[in-house]
Amino acid sequence: MSVEKIISDWKKKLFKPVYWLEGEEDYFIDKIVQYAEHNILTDAEAGFNLTVFYGRDADWTQVINACKRYPMFSERQVVLLKEAQHMRDIDKLESYIGQPLTSTVFIVAYKEKKVDGRTQLAKLLKTKAELFTTKKMYDNQLPDWTNELVKSKGYTISQKGLLLLVDHIGNDLSRIDNEIEKMLVNLGSRTSITEDDIEKYVGVSKEYNPFELQSAMAAKDLSKAMRIIQYFEANPKAAPIQLVLPTLYNLFSKTYMIFGQASKDEKTVAANIGVNAWFVKDYLLVARNYGYNGVEKALLLLHHYNLRSVGVNDTGSSDASLLKEMVAKMVN
């Protein structure tokens, strides 16, 4: 069951007695818990019928006793157990989960991991609870997910702006959502987010960022690459070397995989190497511009300069000098 389906059911007053939310992606768990805390009950009902526990401080007997209470002046009560992964003796909740009250909506947020599938609790959850499991989103899924998030809010975003946002923030869904909300507040009557908005409100240059450096390297545009690195040198927080190197490694490692593909169709290649189709053009361009030997050389250089950036056989070179030296060797 998805976040949207759970919340949609709640809006229709369709409730299960127990919801167990677990897994690696906090964002989706937080969305459900936030809605439950602020929307299932009215403000008047919540005063008597909303109970919130935190796993590190919660005692299992108190949680069960709260769940067994009957609602006051309301059809139902809501009991939230946040940060449940830190709760001692959490398996003691089995006795309630096996026989829950239908007038209680018990929601457990068990973040960062899943319950051990071999335990009696895990087996009970599969039959007696609405079990919602999350996984960390793959990087290649981020552009589509972000685009759909923007659409769900009634807006659009330019492709360059989208890729700039995702590349800058990375796999942090909560921050992506927060940055989008911040931009929407400032758009006025406009309904489209542009790369100018990303630059102004997120604080990343639309011309000088790791994404643009990647594009310059793909095109073998050394002068542009050097201008971008000079910007990084003047603005160290914009793109530290440990952010830039993984971006370039991704570019050349994905290109390296293309050489083993029989098809050159962008969608087929994207599916085979596990990337978003939007990025395949860059990889195909790198393959044409560098060839197999050039891509292999670039990967070896990335390894070498990554070691130097952490002090292996190098004790004094600045990030900018290392990057300049590396990209010059890659392009020439």
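Residues 24 or more positions apart account for 74% of the contacts in the protein with a separation of 6 or more. Keep that figure in mind while you read this predicted model. It concerns contacts between residues that lie far apart in the sequence.

Start with the parts. The protein has 16 helices and 7 strands. Its radius of gyration is 25 Å, well over the 20 Å that the globule rule gives for 332 residues, so the protein is more spread out than a compact globule. Along the principal axes, the C-alpha atoms fill a box of roughly 75 × 50 × 45 Å. Of the 332 residues, 47% count as buried. The accessible surface comes to about 16900 Å², and carbon and sulfur atoms hold 50% of it.

Now go to the strands. Strand β1 covers residues 18-23, and 6 of its 6 residues are buried. Which residues sit on each face of β1? On one side are V18, W20 and E22. On the other are Y19, L21 and G23. Both faces are covered.

What does β1 pair with? One partner is strand β4, residues 104-111. The two run parallel and are joined by 6 bridges. Look for E22, which stands opposite Y110 in β4. Then find G23, which stands opposite K111 in β4. Another partner of β1 is strand β5, residues 130-134. These two strands also run parallel, with 5 bridges between them. Here G23 has T134 as its bridge partner. So G23 has a place in both pairings: K111 in β4 and T134 in β5.

Strand β4 is mostly covered too, with 8 of its 8 residues buried. T104, F106, V108 and Y110 point one way. V105, I107, A109 and K111 point the other way. Strand β4 also pairs with β3, in parallel, through 5 bridges. In that pairing, V79 is matched with F106 of β4. Follow the pairings and you can step from β3 to β4, then from β4 to β1, and on from β1 to β5.

Next come the helices. Helix α7 spans residues 142-152. Its buried residues are L142, P143, W145, T146, N147, L149 and V150. An α-helix has 3.6 residues a turn, so residues three or four places apart point the same way. What do the buried residues of α7 pack against? They pack against α2, β6 (156-157), α8 (159-169), α9 and β7 (192-193). Just after α7, G154 takes a positive phi of about 90 degrees.

Charged side chains make another set of links. Side chains of opposite charge can pair when their charged atoms come close. The structure holds 22 salt bridges. One of them joins D177 and K31, at 3.8 Å from N to O. This pair links distant parts of the chain: D177 is in helix α9 (residues 173-186), K31 is in helix α2 (residues 26-39), and they are 146 residues apart. Is each partner buried or exposed? D177 is buried, because its relative accessible area is 9%, under the 20% cut-off. K31 counts as partly exposed, at 32%. The pair also belongs to a wider group: K31, K153, D177 and E181 are linked in a network of salt bridges.

A second salt bridge joins K82 and E37, with their closest N and O atoms 2.8 Å apart. This pair also links distant parts of the chain, with K82 in strand β3 (residues 77-82) and E37 in helix α2, 45 residues apart. K82 counts as buried, at 15% relative accessibility. E37 is partly exposed, at 23%.

Compare the pair R118 and D116. Their closest N and O atoms are 2.8 Å apart in a salt bridge. R118 counts as exposed, at 69% relative accessibility. D116 is partly exposed, at 33%.

Finish at the surface. F48, M72 and F73 make a nonpolar patch of about 380 Å². Where does F73 lie? F73 is in the loop between α4 (60-68) and β3. F73 is exposed, because its relative accessible area is 70%, over the 50% cut-off.

How values were computed: Residues are numbered from 1 along each chain as its sequence is written. This is a predicted model: local features need pLDDT of at least 70, side-chain atom pairs count only at pLDDT 80 or more; totals for chains, interfaces and linings use all residues. Side-chain values use heavy atoms; hydrogens and water are left out. A salt bridge is a side-chain nitrogen of Lys or Arg within 4 Å of a carboxyl oxygen of Asp or Glu. Helices (H or I, at least four residues) and strands (E, at least two) are DSSP runs, numbered from the N terminus. Buried means under 20% relative accessible area, exposed over 50%, partly exposed in between (1.4 Å probe, protein chains only). Patches are made of residues with over 30% relative accessible area and no salt bridge: like charges are joined within 9 Å, nonpolar side chains (Val, Leu, Ile, Met, Phe, Trp, Tyr) within 5 Å. Accessible areas come from the Shrake-Rupley method with a 1.4 Å probe; for residues, only the protein chains shown count as cover. Two strands pair if DSSP finds at least two bridges between them. The radius of gyration is taken over C-alpha atoms; the globule rule is 2.2 Å times the number of residues to the power 0.38. Contact means heavy atoms within 4.5 Å.
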